[in-house]
Amino acid sequence: MTAWNKKSLCLVSGASQGIGREIAIQFAGKLPSGSTIILTARSENGLNETSSLISKANSSIITKIFPYDMSNPKEKDFTSLLSAFSPNDWEQFILVHNAGTEGTGRPVKDCSNPEEWQKYMSLNLYSMVLLTSAFLKTFKNDEKTIIVNITSLAAVQAIAGFGEYCVGKASREMYMKVLSAESPSLRLLNYSPGPVGTDMVDRCISKIDFSETRGMFEKMKTEGTLVKAPDTVKKLVNIIESGLPAYLRVDYFDRD
Ligand SMILES: NC(=O)c1ccc[n+]([C@@H]2O[C@H](COP(=O)([O-])OP(=O)(O)OC[C@H]3O[C@@H](n4cnc5c(N)ncnc54)[C@H](OP(=O)(O)O)[C@@H]3O)[C@@H](O)[C@H]2O)c1
């Protein structure tokens with residue numbers, strides 16, 4: 001039985017737009033009747049829009065929206081959200097850490113404000129750490145649990161103007177590796193979606209302080225070579241379909 005045949009409780013962060021919305025819609029298209037997808041991000045309107053797109057993709061999927069600001073995360077908030085779902089009702093649990101931001105775009109030597117770092121890491125690292133803890137402690141079923149971290153080339157390659165982003169994404173990947181070493185029954189995936197045409201790329205073009213990095217995004221946008229969200233999420237869906245090992249890292253551009 002593939003992962004997609006199992007009645008699942010799935011949570012997708014950053015589900016109000018962009019890659020997260022597409023993940024929620026495509027996962028909904030694959031999961032069986034009675035599966036539930038929890039959608040979280042700050043924008044209630046965006047979450048409601050994702051929820052109605054899910055209904056169109058698969059009306060047998062139940063959605064719950066959880067408007068929440070991940071820059072001030074608290075484990076008890078996640079625990080109280082998740083404890084409404086009985087661990088016994090599901091054949092599988094899927095947690096997708098997708099919410100994320102690109103940082104200030106300034107040279108890293110000028111990123112010296114501790115409050116700014118604190119806020120950045122709260123949203124981009126601590127929220128996924130606390131949500132993972134709450135998720136695993138609530139459902140206590142590692143054998144049935146898949147965790148996907150949406151990562152980036154920036155986790156493994158230094159990119160000028162992406163100081164906070166590189167540090168945040170590298171930390172998230174290492175968190176996943178340590179989690180795998182300590183909890184080998186989990187199935188953990190670091191998925192790097194490629195440069196995807198979302199609002200994040202537009203913000204990068206407007207704020208990155210390094211012309212080479214900015215120019216790279218501008219060129220991809222003008223030439224139409226940015227990856228499309230449905231294409232990269234399709235690859236993610238197929239990776240999960242093939243069966244996940246305990247730990248895997250895949251980039252969109254890796255050969256199948
Ligand atoms: N686009 C790319 O080229 C690319 C490449 C590699 C990796 N990624 C990664 O893919 C993920 C999604 O990015 P995207 O391109 O889809 O960007 P996006 O369109 O800007 O979406 C970001 C998502 O994160 C949520 N978010 C932002 N701040 C938040 C906060 N304080 N609290 C809760 N949620 C928050 C946003 O929702 P609200 O604003 O409603 O809160 C939104 O749903 C990110 O982790 C990003 O690093 C993107």
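**Figure 1. The packing partners of helix α5.** In this predicted model, the buried residues of α5 pack against several other elements. Two of these partners are helices α4 (114-139) and α6 (199-207). The others are strands β4 (92-97), β5 (145-150), β6 (187-192) and β7 (247-251).

**Figure 2. The buried side of helix α5, residue by residue.** Which residues of α5 are buried? They begin with Gly 163, Glu 164, Tyr 165 and Cys 166. Next come Gly 168, Lys 169, Arg 172 and Glu 173. Met 176, Leu 179 and Ser 180 complete the list. Charged residues are part of this set, including Glu 164 and Lys 169.

**Figure 3. The length of helix α5.** The helix covers residues 163-182, which makes 20 residues. At 1.5 Å a residue, α5 should span 28 Å. Its end C-alpha atoms are 29 Å apart, so expected and computed lengths agree.

**Figure 4. Leu 186, in the loop after α5.** Leu 186 sits in the loop between α5 and β6. Is Leu 186 buried or exposed? Its relative accessible area is 1%, under the 20% cut-off, so Leu 186 counts as buried. Leaving aside neighbours within four places in sequence, Leu 186 is in contact with Leu 136, Asp 142, Thr 145, Leu 179 and Ala 246. One of these, Leu 179, is itself a buried residue of α5. How far is Leu 186 from Asn 5? The two are 181 residues apart in sequence. In space, their C-alpha atoms are 18 Å apart.

**Figure 5. Leu 153, in the loop before α5.** The loop between β5 and α5 holds Leu 153. Its relative accessibility is 40%. That value lies between the 20% and 50% cut-offs, so Leu 153 counts as partly exposed. Not counting residues up to four places away in sequence, Leu 153 touches Ser 192 and Arg 249. Cys 166, a buried residue of α5, is 13 residues from Leu 153 in sequence. From C-alpha to C-alpha, Leu 153 and Cys 166 are 8.5 Å apart.

**Figure 6. Lys 140, in the loop between α4 and β5.** Lys 140 is placed in the loop that links α4 to β5. What is its phi angle? Phi is near 45°, a positive value in a residue other than glycine. Lys 140 has 67% relative accessibility, over the 50% cut-off, so Lys 140 counts as exposed.

**Figure 7. Thr 213, in helix α7.** Helix α7 runs over residues 211-223 and includes Thr 213. At 6% relative accessibility, Thr 213 counts as buried. Which residues does Thr 213 contact, leaving aside its neighbours within four places in sequence? They are Ile 159, Ala 160, Phe 162 and Ile 208.

**Figure 8. The whole protein, for orientation.** The protein has eight helices and seven strands. Its C-alpha trace spans about 50 × 40 × 35 Å along the principal axes. A compact globule of 256 residues would have a radius of gyration near 18 Å, and the protein has 18 Å, which agrees. Of the 256 residues, 51% count as buried. Among contacts between residues at least 6 apart in sequence, 78% join residues at least 24 apart. The exposed area is about 11600 Å², with 52% supplied by carbon and sulfur atoms. There are 29 positive and 28 negative side chains. The centres of these two sets lie 3 Å apart.

How values were computed: Residues numbered from 1 in each chain as written. Predicted model: local features only at pLDDT ≥ 70, side-chain atom pairs only at ≥ 80, totals over all residues. Heavy atoms only, no water. Helix = DSSP H or I, 4+ residues; strand = E, 2+ residues; numbered from the N terminus. Rg over C-alpha atoms; globule rule 2.2 N^0.38 Å. Buried < 20%, exposed > 50% of the residue type's maximum accessible area, 1.4 Å probe, protein only. Contact = heavy atoms within 4.5 Å. Areas by Shrake-Rupley, 256 points an atom, 1.4 Å probe, with all protein chains shown as cover. Charge placed at Lys NZ, Arg CZ, Asp CG, Glu CD. Expected span 1.5 Å × (residues − 1).
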